[in-house]
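Grab a coffee and open the structure viewer. Here are a few exercises to work through, each with a solution in steps.

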Amino acid sequence: MRLNDTESSILEFKREIPQNDQIIKTAIGFCNLYGGKIIVGVDDDRNIIGIDETKIDQIIESLNNSIYDSSTPPIFPKVYSQRIEDKVVLIIEISEGAKKPYFRTSEGMENGTYIRMGNSTVKSTVEIIQELEWQGKGKYHDEIPVYQADRSDLDENLIIEFLKNRKHGYKDSITDKILKSYKLLIYEQSRFFPTIGALLLFGKNPQYYLSESFIICTHFKGVEGRNAIASVDCTGTLFQQIDEALQFVFNRLYKSYTIKGLQRAEVLEIPEVAVREVLYNAIVHRNYSINGPIKIAIYEDRLEIFSPGLFPGPLNVNDLEQGITYIRNMVISKVFRETGIIEKLGSGFISLFSSYREWGLEKPTVIEGLNFVKCILPRKKLKQQNYFNYNSIDKVEECKSFYGKKTLTIIDESSDDNIILALFERFDEITMNLVLKRTGWARATAGRRLKKLLDERKIIKIGAGRYCRYRLSSMK
């Protein structure tokens with residue numbers, strides 16, 4: 001008989017009880033992460049071969065004692081046997097620990113702390129041990145204070161902008177109480193320290209303290225990562241990184257416009273919601289203790305988004321559409337929810353797969369590697385002869401006149417300015433909210449692009465504040 005489950009961060013198979021201390025290390029790894037099971041009597045191909053039934057009681061007692069005696073804090077395993085048809089297997093069940101980090105007593109915390117990485121047990125780094133210590137205190141990783149920084153490293157203008165855009169608004173000045181409530185400041189040793197989350201969200205220069213917390217976007221020629229067409233490092237706050245990364249991706253994927261009479265609808269070659277949700281998940285759930293950036297790679301046939309760290313919980317890649325979610329970075333998650341970047345926790349992968357199904361595209365792939373998660377979004381296979389370059393046509397009106405009432409699909413390689421100016425084909429006036437709805441840009445991005453058109457006197461501004469609207473400068 002063969003088991004259906006495969007080895008993972010919460011499951012390991014052993015053909016027999018190993019003579020070395022590997023089971024102790026694996027038990028510690030499970031306890032430091034999400035818990036798990038070791039099943040003894042199963043080979044590498046998941047075939048149940050069983051164990052010697054005459055030695056079960058002796059083995060159970062030995063394992064209970066050795067795991068308990070070898071770990072600090074002590075681990076209490078649940079060891080029992082189970083009959084599967086005519087074979088008996090031994091199951092060692094380890095619960096997630098509440099007093100992390102757990103380590104092998106003889107090696108000490110620095111050298112004897114182990115965690116699970118995929119289906120392997122590995123020794124923890126200093127950064128991961130620090131994160132485990134905070135988890136043991138019931139804290140999230142992005143609540144860890146950065147002791148080299150102080151409050152002056154936070155941009156108060158960015159914080160005020162966030163507070164103003166919350167559902168319940170902003171009335172008072174920025175107080176320590178408000179910043180503490182969002183875990184942006186931690187009070188220790190008679191002073192305030194900004195947290196990792198605070199610097200990533202509102203820092204004046206986040207990469208000064210968190211050098212690898214940025215996004216690398218690269219567009220490759222063909223289907224292999226050999227010849228780069230263009231590349232950009234997206235730095236700054238997480239909001240700025242999202243803005244720049246999405247702009248890079250959307251500008252390099254094909255866009256089509258379907259024109260019918262006076263109406264024009266824009267469609268990206270793959271679902272825009274899929275790209276956004278995968279990027280948001282990568283940022284919200286990545287492990288910021290790992291020295292490595294998020295990577296976005298565009299190939300001829302796919303888009304890949306690589307995020308450092310495993311899933312922040314015992315998730316199976318086959319169950320991602322169930323809406324189960326675990327939070328690694330509560331500070332970032334809370335701020336993103338209140339700004340509307342993410343709406344419902346756990347909905348990202350649901351939106352990813354459902355949007356691809358609705359479009360009839362090849363199913364995306366999600367891979368949990370040794371210490372990373374990679375999402376692969378297949379690109380639509382376009383028939384190039386059915387697409388036209390918008391830049392080769394001076395005006396949309398000329399295009400309409402030439403093609404009459406036919407539906408024309410056009411690859412848009414125009415500038416961001418033209419995306420806004422195209423809105424005036426349907427509206428006499430536009431607002432910030434209309435631009436946000438039609439483009440999907442971040443508010444800061446839309447604001448910069450509208451200001452650019454104002455400076456170039458292509459549009460004019462009427463009114464101020466929430467009632468502000470824009471017209472083409474030629475309008476009266």
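**Exercise 1. Find out how many aromatic pairs the structure holds, then classify the pair formed by Phe 162 and Phe 202.**

Solution. This is a predicted model, and it holds 10 aromatic pairs. Start with the rings of Phe 162 and Phe 202: their centres are 5.6 Å apart and their planes meet at 40°. Stacked needs planes under 30 degrees apart and edge-to-face needs over 60, so with 40° this pair is tilted.

Next, place the two residues. Phe 162 belongs to helix 5 (residues 156-164) and Phe 202 to helix 7 (residues 196-202), so the pair links parts that are 40 residues apart in sequence. Now check burial: Phe 162 is buried at 5% relative accessible area, and Phe 202 is buried too, at 1%.

**Exercise 2. Do the same for Phe 220 and Tyr 299: is the pair stacked or tilted?**

Solution. The ring centres of Phe 220 and Tyr 299 lie 5.2 Å apart with planes at 15°, so call this pair stacked. Phe 220 is in strand 11 (residues 215-220), while Tyr 299 is in the loop between strand 15 (294-298) and strand 16 (302-308), so the pair ties together parts 79 residues apart in sequence. As for burial, Phe 220 and Tyr 299 are both buried.

**Exercise 3. Work out which residues form one aromatic cluster, and which charged end sits over the ring of Tyr 182.**

Solution. The cluster is made up of Phe 162, Tyr 182, Phe 202, Phe 239 and Phe 336. Now look at Tyr 182: the charged end of Lys 334 sits over its ring, 4.5 Å from the centre. There's another case to find elsewhere, with Lys 295 over the face of Phe 306 at 5.8 Å from the ring centre.

**Exercise 4. Explain why Cys 217 and Cys 234 don't bond.**

Solution. Take the distance first: the sulfur of Cys 217 has its closest cysteine sulfur in Cys 234, 3.8 Å away. A disulfide needs the two sulfurs within 2.5 Å, so this pair is too far apart for a bond. The structure as a whole holds zero disulfides. While you're there, note that Cys 217 is buried at 0% relative accessible area. Cys 375 also counts as buried, at 5%.

**Exercise 5. Trace what surrounds Ser 71, starting from its place in strand 3.**

Solution. Ser 71 is in strand 3 (residues 71-72), and at 5% relative accessibility it's buried. Follow its side chain: one polar partner is the backbone oxygen of Ile 67, at 2.8 Å. Another is the backbone nitrogen of Ile 75, 2.9 Å from a polar atom of the Ser 71 side chain. Leaving out residues up to four places away in sequence, Ser 71 touches Ile 28, Phe 103 and Thr 105.

**Exercise 6. Pick out the unusual backbone at Pro 73, Pro 101, Gln 189 and Arg 457.**

Solution. Remember the rule: most residues other than glycine have a negative phi, and most peptide bonds are trans. Peptide bonds come next. Thr 72 and Pro 73 are joined by a cis bond with omega about -15°, and the bond from Lys 100 to Pro 101 is cis as well, with omega near 0°.

Then check phi. Gln 189 has a positive phi near 50°; it's in the loop between strand 9 (185-188) and strand 10 (191-194) and is exposed at 66%. Arg 457 has a positive phi near 60°; this residue is in the loop between helix 16 (443-455) and strand 21 (459-462) and is exposed at 70%.

Notes: Residues are numbered from 1 along each chain as its sequence is written. This is a predicted model: local features need pLDDT of at least 70, side-chain atom pairs count only at pLDDT 80 or more; totals for chains, interfaces and linings use all residues. Side-chain values use heavy atoms; hydrogens and water are left out. Helices (H or I, at least four residues) and strands (E, at least two) are DSSP runs, numbered from the N terminus. Buried means under 20% relative accessible area, exposed over 50%, partly exposed in between (1.4 Å probe, protein chains only). A polar contact is a pair of N or O atoms within 3.5 Å; within protein, one must be able to donate a hydrogen and the other to accept it, and residues adjacent in sequence count only if both atoms are side-chain atoms. Contact means heavy atoms within 4.5 Å. Rings of Phe, Tyr and Trp (its six-membered ring) pair if their centres lie within 6.5 Å; planes under 30 degrees apart count as stacked, over 60 as edge-to-face and the rest as tilted. A charge sits over a ring if NZ of Lys or CZ of Arg is within 6 Å of the ring centre and within 35 degrees of the ring normal.
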